[in-house]
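Open the model in a viewer and keep the sequence panel visible. The stops below are given in the order in which to select them.

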Amino acid sequence: MSSINNKIAKLSPKKLKVRNRLKNKSIKDYEFPPVSRLILLYLTSLIFYFFNIISGFIFVTALLFLFIFLIIHYSNLRKKSNSNRVFVMPLLLPFLIVLYEFPIIFFDEYKFLVTSFNQPEEIISGTNIYFLSVKEDTVSNIQNEKEVRNIYATNHQEIYEIVPVTNFIRYTSKNQFIYELVGLKNPEFEQYYQDISAYIGSDNTLIKEFLSRKNSQGNSAGLALVLSSYLIEQNFQNDILIGVTGSVNKSGKVEEVGYIKEKILSAERSGLTFIIVPNKNIIEANEIKDDLNLSINIIGVSKIDEAIQLIEDLHNGKN
């Protein structure tokens, strides 16, 4: 031992400095660059995935190979440094990335997104306020759109649109799956739930049950829920069949929603007399009505108070 110390003591200050720098570099400077490369490759692969250049299987397989490379790299580094921290800490983030992205391989089988007729729903019986929605199905393992149409025709289901599933749609579905797996709702729906609950301020059991449905998504039922609650609380008898779609916020504003064409067609098919839609959708709605030569009456509103007044005016005009 003394001979080794003597040799070190004989080294010049310059050589000692270089020796110490190399010693520290083996533990410190080489600890994080491979992780940085992984993140860069991860983001690059994710971009390729979003542009449908690679499949989910290839995306996840690439991440797994990179993760295995990191394990080997830091295993060797651990032997040199004799430190568990050097091995565990740099692998934590890559492990979480792989864990989060791994379920995407199960979504490669999704081929088409199909929107079809969904019967308008009277949330509270007797109000004649019907929530307009669209049925969405994800079709798996079918490559041919014609085959999809044949399946729906056999089941007597009216199709509105068939859209090929992109990797971006698959990724969104994967995220939703993870939310549900850990017991969380979609953040957008959770905010909508809070807004509706805060605005209604009601203990109506039926509305609470509707908002608590396991597969509830989206926010277009907001206006229908508020109007249904109002009619019950005010003991107001509405005798006009009214289809309603629209999101609402805490201040009572009615916000834009999607699938307007499909919802108008559902209302027309179901024999509803009027449709209330957000003002932001009214131009599109009227264009659809004119293009398809529909007879249903479409009215736009920007606030909940306007919708309430509209129902009262329609009722009084009928009498």
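**Stop 1: helix H6 and its ends**

Select Asn144, which caps the N-terminal end of helix H6 (residues 145–154). A side-chain oxygen of Asn144 lies 2.7 Å from the backbone nitrogen of Lys146. This is a predicted model. Now go to His156, just after H6, where phi is positive at about 55°. Then show H6 as a whole: the helix lies across S1, S4 and S5, and runs at about 150° to S5.

**Stop 2: the sheet under H6**

Select S4, S1 and S5, which form an open sheet of 3 strands in the order S4-S1-S5, with antiparallel pairing. S4 and strand S5 (159–164) are the edge strands, each pairing on one side only. From one strand to the next, the twist averages 20°. Strand S1 (residues 110–116) and S5 run antiparallel and are joined by 5 bridges. To see one residue pair, pick Phe112, whose bridge partner in S5 is Pro164.

**Stop 3: Ser133**

Move to the loop between strand S3 (129–131) and strand S4 (135–140) and select Ser133 there. Is Ser133 buried or exposed? Its relative accessible area is 13%, so Ser133 counts as buried, the cut-off being under 20%. Display the side chains of Ser133 and Asn118, which are joined by a polar contact of 2.8 Å. Beyond its neighbours within four places in sequence, Ser133 is in contact with Asn118, Lys263 and Ser266.

**Stop 4: the mixed sheet**

Next select the 5 strands of the open sheet ordered S2-S3-S6-S9-S10, where the pairing is mixed. Strand S2 (121–122) and strand S10 (297–301) stand at the edges with a single partner strand each, so one side of each has no neighbour in the sheet. Strand S9 (residues 274–278) pairs with S10 in the parallel sense, over 5 bridges. Ile276 is the residue to pick here, as it stands opposite Ile299 in S10. Add helix H10 (residues 222–233), which lies across S3, strand S6 (242–244), S9 and S10. The angle of H10 to S3 is about 155°.

**Stop 5: aromatic rings**

The structure holds 10 aromatic pairs. Select Tyr42 and Phe59: their ring centres are 6.2 Å apart and their planes are at 25°, so the pair is stacked, the limit for stacking being under 30 degrees. This pair links distant parts of the chain, with Tyr42 in helix H3 (residues 33–50) and Phe59 in helix H4 (residues 56–81), 17 residues apart. Tyr42 is buried, with a relative accessible area of 12%, and Phe59 is buried as well, at 0%.

Extend the selection to Tyr49, Phe50, Phe168 and Tyr171, which form one aromatic cluster with Tyr42 and Phe59. Lys174 can be added next, since it lies over the face of Tyr171, at 4.1 Å from the ring centre. For another charge over a ring, select Arg269, which lies over the face of Phe117 at 3.8 Å from the ring centre.

**Stop 6: the whole chain**

Clear the selection and view the full protein chain, with its 13 helices and 10 strands. Of its 319 residues, 40% count as buried. Among contacts between residues at least 6 apart in sequence, 71% join residues at least 24 apart.

Conventions. Residues are numbered from 1 along each chain as its sequence is written. This is a predicted model: local features need pLDDT of at least 70, side-chain atom pairs count only at pLDDT 80 or more; totals for chains, interfaces and linings use all residues. Side-chain values use heavy atoms; hydrogens and water are left out. Helices (H or I, at least four residues) and strands (E, at least two) are DSSP runs, numbered from the N terminus. Buried means under 20% relative accessible area, exposed over 50%, partly exposed in between (1.4 Å probe, protein chains only). A polar contact is a pair of N or O atoms within 3.5 Å; within protein, one must be able to donate a hydrogen and the other to accept it, and residues adjacent in sequence count only if both atoms are side-chain atoms. Contact means heavy atoms within 4.5 Å. Two strands pair if DSSP finds at least two bridges between them. Axes are lines fitted to C-alpha atoms, for helices over the stretch in contact, and angles run from 0 to 180 degrees between N-to-C directions. Rings of Phe, Tyr and Trp (its six-membered ring) pair if their centres lie within 6.5 Å; planes under 30 degrees apart count as stacked, over 60 as edge-to-face and the rest as tilted. A charge sits over a ring if NZ of Lys or CZ of Arg is within 6 Å of the ring centre and within 35 degrees of the ring normal.
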